[in-house]
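Work through the exercises below with the coordinates open. Try each task before reading its solution.

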Amino acid sequence: MPAQLINGTALSQQIRADVARRTAALTARGVKPGLAVILVGEDPASAVYVRNKVKACGEAGLHSVLEKYDASLSEADLLARIEALNADPAIHGILVQMPLPKHINPQRVIETISTAKDVDGYSVQSAGDLMAGLPGFRPCTPYGCMKLIESTGVDLRGKHAVVIGRSNTVGKPMALLLLQANATVTICHSGTPDLGLHTRQADVVVAAVGRRNTVTADMVKPGAIVIDVGMNRNDEGKLCGDLDFAGVSPVAGWITPVPGGVGPMTITMLLVNTLESAERVTR
Ligand code: NAP
């Protein structure tokens, strides 16, 4: 039997409808959740990402501002702008689109965003909160992956989860979230000699590599939940993930497609984080 498709677009719509309801309720109490998105430079992919984020805010009733700056913007000016947004009561979340021009230190930028408004969850404080199991903003992509896994109804307690990739934004927080859900977690990376040895034992595989066909049918345990974070292009230039989707589908129990899996969830969780940041203000 082929795997059940985990439909990220449909789940995303459900969560966004809930965000819209809660946003309307909060707005009626005088607090409209607000997100500031900063784009520095002309990277075309980044321009699409920020446009989609601003559009998603509008559709869910959140206030948003998009600040676009020339690639020559100095680091000091960017930091000053972030400080002003930190102090702006109409803004509950601040997102600086990466990558930044080379003369700007991205970590310094992230650390300048107030922890209370770090809706991307990329700061050292947010990472530490996740590590310590304290409340805080979870990075949107792994947070979205957890929602996709939860939607299967499978309890992660006692399950073995393998995360492929150890970036600070996806792989590592993903592993911590799975651990928090009581899975036994293995993290693989480019130095892992035999990836299949690990993934074949996994009840859950999360592939966050950025290389197509990293996970093939022979590497998956029958019935496993397989989440594809990767965003790659195939030979025809079409978007594809890290899985050999056609091969893995008949083996897995649940699988996410690319597109329509993790992708829509990332922006959705950004809306959730921004809304929850605003909700905290009223508590
Ligand atoms: P990244 O920073 O480049 O990290 C990739 C990870 O994969 C690294 O930890 C790397 O190991 C590991 N890796 C590389 N080759 C490997 C191999 N052959 N076997 C095992 N591990 C290997 O990328 P990222 O930012 O985490 O993103 C990963 C993918 O997810 C990309 O395709 C990205 O576009 C996509 N993505 C999608 C979304 C979404 O919303 N859908 C959001 C974020 C990212 P080392 O650490 O040893 O180098």
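**Exercise 1.** Which residue forms a salt bridge with Arg22, and how far apart are the closest N and O atoms?

*Solution.* Keep in mind that this model is predicted. Step one: find the partner. Arg22 pairs with Glu279. Step two: read the distance. The closest N and O atoms are 2.9 Å apart, and the cut-off for a salt bridge is 4 Å. Step three: place both ends. Arg22 sits in helix α1 (residues 8-28) and Glu279 in helix α10, so the salt bridge ties together parts that lie 257 residues apart in sequence. Step four: widen the search. The whole structure holds 10 salt bridges.

**Exercise 2.** Describe how helix α6 meets helix α7, from the axes to the side chains.

*Solution.* Start with the general recipe. A pair of packed helices is described by the angle between the axes and the distance between them. Helix α6 covers residues 140-150 and helix α7 covers residues 171-180. Their axes come within 9 Å and cross at roughly 40 degrees. Therefore α6 is oblique to α7, since an angle under 35 degrees would be needed to count as roughly parallel. The handedness comes next: α6 and α7 cross in a right-handed sense. Now list the residues. From α6 come Pro142, Tyr143, Cys145, Met146 and Ile149. From α7 come Pro173, Met174, Leu177 and Leu178. Last, sort them by class. The contact has nine nonpolar residues, no polar ones and no charged ones.

**Exercise 3.** Apply the same steps to helix α2 and helix α10: what are the axis distance and crossing angle, and which residues meet?

*Solution.* Helix α2 spans residues 44-60; helix α10 spans residues 262-281. The axes come within 10 Å and cross at roughly 55 degrees. That angle makes α2 oblique to α10. The crossing of α2 with α10 is right-handed. On the α2 side, the contact residues are Asn52, Lys53, Ala56, Cys57 and Ala60. They meet Ile267, Leu270 and Leu271 of α10. By class, this contact divides into six nonpolar residues, one polar and one charged.

**Exercise 4.** Where are the cis peptide bonds from Met98 to Pro99 and from Val258 to Pro259?

*Solution.* Take the Met98 to Pro99 bond to begin with. Its omega is near 0 degrees. Pro99 lies in the loop that runs between β4 (93-96) and α4 (106-112). Then take Val258 and Pro259. Omega is about 0 degrees for this bond. Pro259 belongs to the loop between β11 (254-255) and α10.

**Exercise 5.** What is phi of Asn182, and where is the residue found?

*Solution.* Read the angle. Phi of Asn182 is near 75 degrees, which is positive in a residue other than glycine. Then locate the residue. Asn182 is in the loop between α7 and β6 (184-188).

**Exercise 6.** How many Å separate the centres of domain 1 and domain 2?

*Solution.* Set the bounds. The domain assignment gives domain 1 as 30-115 and domain 2 as 139-262. Take the centres over C-alpha atoms: they are separated by 29 Å.

Technical notes:
Residues numbered from 1 in each chain as written. Predicted model: local features only at pLDDT ≥ 70, side-chain atom pairs only at ≥ 80, totals over all residues. Heavy atoms only, no water. Axes fitted to C-alpha atoms, helices over the stretch in contact; angles between N-to-C directions. Helix = DSSP H or I, 4+ residues; strand = E, 2+ residues; numbered from the N terminus. Parallel < 35°, antiparallel > 145°, perpendicular 65-115°, else oblique. Left-handed = near helix turned anticlockwise from the far one by under 90°. Contact = heavy atoms within 4.5 Å. Nonpolar A, V, L, I, M, F, W, Y, C, P; charged D, E, K, R; others polar. Domains from an automatic or database assignment. Salt bridge = Lys/Arg side-chain N within 4 Å of Asp/Glu carboxyl O.
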